[in-house]
Amino acid sequence: MAKVYAFLANGSEEVECLAVVDVLRRAGIDTVLVSINEGCEVTGSHGIRIVCDTTIADACLSDAEVLFLPGGMPGTTHLMECEVLTDALRRHYKAGKRVAAICAAPSVLGALGFLKGRKATCFPGFEEKLSGAEYSHTGVVTDGNVTTARGLGYALDLGLELVGLLCSETESAALKQTIQYDQI
């Protein structure tokens, strides 16, 4: 079974994280919310308190298929400053496993050198932080083992993209129908 770890810091964008996590869990994908704080509680960028499943100090990330970073500020900055997280991202990426980020968080992947020569997207204004990427205005972009999304408006799309990659396109399409997600 696929396993995804979603990392939260104080100041992370709540809905970008929880919408993706919700879609993944609906697909039966084991998805773990991980606080980079000392405790499991995180306060998002809009003041919403979230109780994570574990902390980064207690998480065993070796079974992860995907490491996911939501955006939001200053959450993205806190994620980038967390050495335990950036070390885990480097090991995961080097092993050829998938990393995913939305909104401002693709800048973390850019800073770590994961986007060189790849297509990627991000929240407008963060394009220069994608270090070596070919910027795409597309809502969700998958290039190799890296998946990026522009922002909150694409959180469901990112979740469905990850379901398609981890399960199947058929399962992603069926899930899209069950959640009544009809794009105009």
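Strand β7, residues 98–102, runs parallel to strand β11, residues 146–149, and four bridges join the two. Strands here are DSSP runs of E of at least two residues, helices are runs of H or I of at least four, and both are numbered from the N terminus. Two strands pair if DSSP finds at least two bridges between them. One bridge partner to look at is Ala149 in β11, which goes with Ile102.

Before going on, a word on the source. This is a predicted model, in which local features need pLDDT of at least 70 and side-chain atom pairs count only at pLDDT 80 or more, while totals for chains, interfaces and linings use all residues. Residues are numbered from 1 along each chain as its sequence is written, and side-chain values use heavy atoms, with hydrogens and water left out.

Back to β7. β6 pairs with β7 in the parallel sense, over four bridges, and Leu69 stands opposite Ala101 in β7. How many residues of β7 are buried? Five of the five, so the strand is largely enclosed by the rest of the structure. Buried means under 20% relative accessible area, exposed means over 50%, and partly exposed is in between, with a 1.4 Å probe and protein chains only. In a regular strand the side chains alternate between the two faces of the sheet. In β7, Arg98, Ala100 and Ile102 point one way, Val99 and Ala101 point the other way, and all are buried.

Now the sheet as a whole. Seven strands form an open sheet with mixed pairing, in the order β5-β2-β1-β6-β7-β11-β10. The edge strands, each pairing on one side only, are β5 at 54–55 and β10 at 140–143.

Take the β10 edge. β10 pairs with β11 in the antiparallel sense over four bridges, and Asp143 stands opposite Val146 in β11. The hairpin of these strands has two residues between them, and Gly144 there takes a positive phi near 65°.

At the other edge, Thr55 is in strand β5. Thr55 counts as buried because its relative accessibility is 5%. Leaving aside neighbours within four places in sequence, Thr55 is in contact with Val34, Ser35, Asn37, Glu38, Gly39 and Cys40. Contact means heavy atoms within 4.5 Å.

Next, what lies across the sheet. Helix α3, residues 83–94, lies across β1, β6, β7 and β11, and runs at about 140° to β6. Axes are lines fitted to C-alpha atoms, for helices over the stretch in contact, and angles run from 0 to 180 degrees between N-to-C directions.

Helix α3 also carries one half of an aromatic pair, with Tyr93 in α3 and Phe114 in the loop between α4 and β8, 21 residues apart. The structure holds one such pair. Tyr93 and Phe114 are stacked, at 4.0 Å centre to centre with 10° between the planes. The rule is that rings of Phe, Tyr and Trp (its six-membered ring) pair if their centres lie within 6.5 Å; planes under 30 degrees apart are stacked, over 60 edge-to-face, and the rest tilted. Phe114 is buried, at 3% relative accessibility.

Some backbone details. Met73 and Pro74 are joined by a cis peptide bond, with omega about 10°, and Pro74 is in the loop between β6 and α2. Cys103, although not a glycine, has a positive phi of about 70°. Cys103 is in the loop between β7 and α4, and counts as buried at 9% relative accessibility. Ser131 is not a glycine either, and has a positive phi of about 20°. Ser131 lies in the loop between β8 and β9 and is partly exposed, with a relative accessible area of 31%.

In helix α4 there is Ser107, which is buried at 11% relative accessibility. Beyond neighbours within four places in sequence, Ser107 is in contact with Thr76, Phe126, Lys129 and Leu130.

Last, the helices α5, residues 155–166, and α6, residues 169–178. Their axes come within 6 Å and cross at roughly 145°. Which residues meet? From α5, Leu160, Val163 and Gly164; from α6, Glu169, Glu171, Ser172, Leu175 and Lys176. By class, the contact has three nonpolar, two polar and three charged residues. Nonpolar covers Ala, Val, Leu, Ile, Met, Phe, Trp, Tyr, Cys and Pro, charged covers Asp, Glu, Lys and Arg, and the others, Gly among them, are polar. Ser172 is 117 residues from Thr55 in sequence and 29 Å away in space, C-alpha to C-alpha.
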